[in-house]
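User: Could you walk me through how some of the labels for this model were assigned?

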Amino acid sequence: MGHVMSDFPKIQLLSPKRGMPPKHFADLSEEERIEALGELGLPKFRADQIARHYYGRFEADPSTMTDLPAAQRELVKDSLFPRLLTPVRKVETDNGDTTKTLWRLHDGILLESVLMRYPGRATLCISSQAGCGMACPFCATGQGGLDRNLSTAEIVDQVREAAAMMEAEGSRLTNVVFMGMGEPLANYNRVVSAVRQIVSPAPHGFGISQRNVTVSTVGLAPAIRKLADEGLSVTLAVSLHTPDDELRDELVPMNNRFTVQDVLDAARYYADQTGRRVSIEYALIRDINDHDFRADMLGQKLHDALGPLVHVNLIPLNPTPGSKWDASPRERQDEFVRRVIAQGVTCTVRDTKGQEIAAACGQLAADEKQAGEKAGA
Ligand code: SAH
């Protein structure tokens with residue numbers, strides 16, 4: 001019986017070709033758009049017209065762009081507006097203030113973005129890669145490895161979708177943080193191109209204020225320096241998590257390549273070039289990195305390296321499934337904050353939204369992938 005079965009060729013029901021999606025309008029430069037439209041027989045000014053729909057009205061379906069000649073809407077759609085993000089499901093929490101959306105990409109890969117509404121602002125947490133290769137042991141995404149980089153348009157379209165959602169609510173998307181899945185600086189060119197489209201005024205981009213856009217990194221020092229020279233002034237967040245190399249080698253494996261000092265020097269360069277305060281992310285983990293001496297050392301090192309150009313964001317650890325680690329007790333957290341501040345460095349504790357729907361920091365993860373595969377099947 002067994003060998004009869006094995007005579008059958010293996011039938012693959014699903015063989016998604018994993019890789020970059022087809023080219024999209026948001027992947028192209030101004031000149032490339034004009035050229036692509038020219039090939040469809042459309043004059044130059046149409047590029048601008050379409051951009052106004054996409055960035056100004058958050059519209060990605062040319063069939064609704066009624067100022068385009070009817071005969072060409074389908075052509076434009078087929079060649080420049082492939083569907084990049086297909087919603088699989090949406091989950092809400094915090095009384096509807098937080099929405100996590102699970103998206104399916106063209107090749108079946110699943111991706112999440114999280115929209116958090118606060119009084120007076122709305123922050124979208126986006127992904128820059130499918131999965132992540134940085135392998136930080138406390139982060140759910142880090143456990144599954146890297147699937148692939150996202151294309152520029154896959155990054156930009158997460159923002160467009162959220163902006164459309166906020167507009168439908170009579171409100172506005174004001175902040176974007178690259179704190180979802182992936183290491184943004186490991187997908188450097190696409191992320192920088194996406195950032196330019198997020199901050200450029202319409203019709204070239206969504207016009208979100210640069211100071212309201214945050215790029216968060218494990219600390220790829222050379223890429224931080226490169227970003228500093230881009231002529232942008234977005235907020236840089238560095239995931240430090242401990243001030244000493246010995247522990248950081250474990251918590252953030254990339255530390256084996258770029259040490260705490262390398263990272264802080266690069267952060268200083270970023271602050272000097274952009275005039276922006278650097279944000280230091282520190283997930284507080286009970287009995288791992290929450291000791292008094294680490295708080296003192298953190299404050300000292302940051303004060304020495306960055307002076308007033310730094311702010312510490314403490315994030316109570318969101319325990320991930322299967323991890324033995326937990327958040328620090330409240331008193332420990334308070335003492336840690338007090339000690340960092342005593343060194344002359346500002347320090348606050350991050351409000352963690354979305355916890356009960358696994359939408360909080362570092363929780364965009366593999367178990368969601370499976371759930372999504374079932375829901376989308
Ligand atoms: N790769 C980038 C961005 C992704 S994560 C980076 O590391 O900065 C965004 C932030 O969430 C990082 O500071 C990351 O260390 C943190 N984070 C990851 N897992 C977490 C967890 N379980 N609890 C709290 N913060 C976490």
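**Helix packing and ligand contacts**

Analyst: Happy to! The axes of helix H10 (residues 260–274) and helix H11 (residues 292–306) come within 9 Å and cross at roughly 40°. This is a predicted model, where local features need pLDDT of at least 70, side-chain atom pairs count only at pLDDT 80 or more, and totals for chains, interfaces and linings use all residues. Residues are numbered from 1 along each chain as its sequence is written, and side-chain values use heavy atoms, with hydrogens and water left out.

User: Why are H10 and H11 called oblique to each other?

Analyst: Angles under 35 degrees count as roughly parallel, over 145 as roughly antiparallel, 65 to 115 as roughly perpendicular and the rest as oblique. The axes cross at roughly 40°, so H10 and H11 are oblique to each other.

User: What makes H2 roughly perpendicular to H3?

Analyst: The axes of H2 (residues 30–39) and H3 (residues 45–56) cross at roughly 115°. That makes H2 roughly perpendicular to H3.

User: Which residues of H2 make the contact with H3?

Analyst: Glu-30, Arg-33, Ile-34 and Leu-37 do, with contact meaning heavy atoms within 4.5 Å.

User: How do you know that Ser-239 has a polar contact with the ligand?

Analyst: A polar contact is a pair of N or O atoms within 3.5 Å; within protein, one must be able to donate a hydrogen and the other to accept it, and residues adjacent in sequence count only if both atoms are side-chain atoms. A side-chain N or O atom of Ser-239 is 2.5 Å from a ligand oxygen atom, so the pair qualifies. For Ser-216, a polar side-chain atom lies 2.6 Å from an oxygen atom of the ligand.

Key: Axes fitted to C-alpha atoms, helices over the stretch in contact; angles between N-to-C directions. Helix = DSSP H or I, 4+ residues; strand = E, 2+ residues; numbered from the N terminus.
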